[in-house]
Amino acid sequence: MIHVAVRVRELVSSNIDAIVTKAADPAKALGLLRAEVEETLITLTSELSMTRRQHARTVSHAEKIAAEAEAWSAKAQVAVDHGREDLARAALQARQKGLENAAAVKDEAARLGKQVAELEGAIGELEVKRAEVLAQIARPRPAENPSAKHRADSKSDRHMERIDELERRLAFQSDRSANSGGSEIETVSNESLIDAELEAMKAARKSRDS
């Protein structure tokens, strides 16, 4: 992806007027630039489609893990109510581990969201550059061969049609497994917080019983 980002910067910063002025065959030079821009657009469009799906799945996964983690609070209270402090402690530890895992997956979702924004920005810049190249190609020039221009246009149109083809292929990849959220973080239990919460639960129980 890094080499694609570098190429995007090179294409976006390319000076079309300088290319036309310096090239021995301006029409050919512009055609090559147009092809490069469109090939890069194809690559980025495919990457964007895949990353958007990964982002949506990761956000959903983080929410599910967080909800499952919070459910341990009610289980801990039930254990306290039945005098099983050992089970209550285990439940609170499980909740803490779940929340930590949810936070890690949420961070991965944020990274993917940032990547989506970057891809959208790069595609927008390339679309602007493509429009500039097309406008320059459309300018009449001496000794321009109309049939050659038509062939270049047809080839370029086929390139852009491949974008839709890639999108259709990606649509069939719905079984792709969700990103796990990166490397699993190490569980660190905060016993003092758990002790405090257990005491609060026991106090609530005594208050109800009195």
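This is a tour of a predicted model, one selection at a time.

**Whole chain**

Start with the full chain in cartoon view. It holds 6 helices and 0 strands, so that the pattern along the sequence reads α-α-α-α-α-α. Of the 210 residues, 30% count as buried. Switch to a surface: about 12,900 Å² is exposed, and carbon and sulfur atoms supply 55% of that area. Among contacts with a separation of 6 or more, 87% are between residues 24 or more positions apart.

**Helix α3**

Select residues 26-81, which make up α3. This helix has 56 residues, and its first and last C-alpha atoms are 83 Å apart, close to the 82 Å expected at 1.5 Å a residue. Then pick G83, just after α3, where phi is positive at about 75°.

**The largest nonpolar core**

Next, show I16, L33, V37, L44 and L126 as sticks. These belong to the largest nonpolar core, which has 17 residues, and they touch the most other members. At least two residues of this core come from each of α1 (2-12), α2 (16-22), α3 (26-81) and α4 (85-138). The largest share, 7 residues, is that of α4. Centre on L33 and hide its neighbours within four places in sequence: the contacts left are L11, S14, I16, I19 and V133.

**A second core**

Apart from the core just visited lies another, of 9 residues, including A79, A91, L92 and I194. Keep I194 selected and add R89, a residue of helix α4. The C-alpha atoms of R89 and I194 are separated by 6.8 Å, although these positions lie 105 residues apart in the chain numbering. R89 has a relative accessible area of 23%, above the 20% limit for buried, and therefore counts as partly exposed.

**Salt bridges between α3 and α4**

Now turn to charged side chains. The model has 7 salt bridges. Select E38 and R130 for one of them, with N and O 2.6 Å apart. E38 is in helix α3 and R130 in helix α4, 92 residues apart, and the pair links distant parts of the chain. Buried or exposed, what are E38 and R130? Both E38 and R130 are buried.

Move to E120 and R52, whose side chains form a salt bridge at 2.7 Å, N to O. Because E120 lies in helix α4 and R52 in helix α3, this pair ties together parts that are 68 residues apart in sequence. E120 is partly exposed, with a relative accessible area of 37%. R52 is also partly exposed, at 43% relative accessibility.

**A salt bridge within α4**

Select R111 and E108, which form a salt bridge with their closest N and O atoms 2.7 Å apart. Both residues are in helix α4, and because they are 3 residues apart, about one helical turn separates R111 from E108. An α-helix has 3.6 residues a turn, so residues three or four places apart point the same way. R111 is partly exposed at 42% relative accessibility, whereas E108 is buried, with a relative accessible area of 10%.

**Last stop**

Finish by adding R34 to E38 and R130. Salt bridges that share partners join R34, E38 and R130 into one network.

Note on methods. Residues numbered from 1 in each chain as written. Predicted model: local features only at pLDDT ≥ 70, side-chain atom pairs only at ≥ 80, totals over all residues. Heavy atoms only, no water. Helix = DSSP H or I, 4+ residues; strand = E, 2+ residues; numbered from the N terminus. Buried < 20%, exposed > 50% of the residue type's maximum accessible area, 1.4 Å probe, protein only. Contact = heavy atoms within 4.5 Å. Areas by Shrake-Rupley, 256 points an atom, 1.4 Å probe, with all protein chains shown as cover. Core = buried A, V, L, I, M, F, W, Y, C linked by side-chain atoms within 4.5 Å. Expected span 1.5 Å × (residues − 1). Salt bridge = Lys/Arg side-chain N within 4 Å of Asp/Glu carboxyl O.
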